[in-house]
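The exercises below concern a single protein chain. Each one sets a task and then works through the solution step by step.

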Amino acid sequence: RRTLIAALVPPGVTLTEKAPYLYGENSTAFSTALLLGILCSIPVDWIARRTVELKLSFGIISSLPIPDYSAGDSIARQIAIDSARLAAVDDRYADWAREVGVEVGSVQSDDEKQDIIHRIDALVAHLYGLDEEDLQVIFETFHVGWDYEPRLNAVLSHFRSL
């Protein structure tokens, strides 16, 4: 269902060579949350699907176009807050969540989680400068045989409200 699956790995977890990871020595919790939200979005996954055949390599990850943003950008800030709320599921993320400015475990239901995921897709589309027609193409061509219309409609609803 997805090509690029990004996650915030808690402290003390060991990764193998099968799990490519990004580590930013000078990154902030905000920039990490923002990048996490961007990488977890359907628009970026759609871009990755154009290149990935068997596995997601560091070369492919490093070639993904990450949009520019300014520190005061309200769209970038909302992506970071939303993705941090989704990632901070337990106390292992408490310090990081506090630095971003969100509460651990603040997403209370699956419906709320899905709504946030749809909003992130819409926010990322705005950050890339996409329009509704672009989103239509992304969802129509993302995965053969998936029922994309409910998710597309939810994303477009957020997209239009921005």
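**Exercise 1. The surroundings of L4**

Task: Determine which residues L4 touches, leaving aside those up to four places away in sequence, and place L4 in the nonpolar interior.

Solution. Step 1: In this predicted model, L4 touches L39, V44, D45, A48, L56 and L64 once residues up to four places away in sequence are set aside. Step 2: L4 also belongs to the largest nonpolar core, a set of 31 residues, and is listed with W96 and V100 as having the most contacts inside that core. Step 3: The elements that supply two or more residues to this core are α1, α2 (42–49), α3 (58–63), α4 (74–87), α5 (94–100) and α6 (110–128). Step 4: The greatest contribution, 6 residues, comes from α1. Step 5: Another core, of 12 residues, lies apart from this one; I42, A122, A125 and L152 are among its members.

**Exercise 2. D82: buried or exposed?**

Task: Classify D82 by its relative accessibility and list its contacts beyond four places in sequence.

Solution. Step 1: D82 is located in helix α4. Step 2: Its relative accessibility is 1%, and the cut-off for a buried residue is under 20%. Step 3: D82 therefore counts as buried. Step 4: Not counting residues up to four places away in sequence, D82 touches I116, R119, I120 and L123.

**Exercise 3. The setting of S31**

Task: Locate S31, classify its accessibility and identify the backbone atom that its side chain reaches.

Solution. Step 1: S31 lies in helix α1, which covers residues 29–39. Step 2: The relative accessibility of S31 is 21%; partly exposed residues fall between the buried limit of 20% and the exposed limit of 50%, so S31 counts as partly exposed. Step 3: The side chain of S31 reaches the backbone nitrogen of T28 at 2.9 Å. Step 4: S31 and A154 stand 123 residues apart along the chain, and 26 Å separates their C-alpha atoms.

**Exercise 4. The chain as a whole**

Task: Describe the make-up of the chain and assess whether its radius of gyration agrees with or departs from the globule rule.

Solution. Step 1: The chain contains 8 helices and 0 strands. Step 2: Its radius of gyration is 16 Å, close to the 15 Å given by the globule rule for 162 residues, so the chain is as compact as a globular protein of that length. Step 3: The C-alpha trace spans about 40 × 35 × 30 Å along its principal axes. Step 4: Of the 162 residues, 37% are buried. Step 5: Among contacts between residues at least 6 apart in sequence, 74% join residues at least 24 apart.

Methods. Residues numbered from 1 in each chain as written. Predicted model: local features only at pLDDT ≥ 70, side-chain atom pairs only at ≥ 80, totals over all residues. Heavy atoms only, no water. Helix = DSSP H or I, 4+ residues; strand = E, 2+ residues; numbered from the N terminus. Buried < 20%, exposed > 50% of the residue type's maximum accessible area, 1.4 Å probe, protein only. Polar contact = N/O pair within 3.5 Å; in protein donor to acceptor, adjacent residues only side chain to side chain. Core = buried A, V, L, I, M, F, W, Y, C linked by side-chain atoms within 4.5 Å. Contact = heavy atoms within 4.5 Å. Rg over C-alpha atoms; globule rule 2.2 N^0.38 Å.
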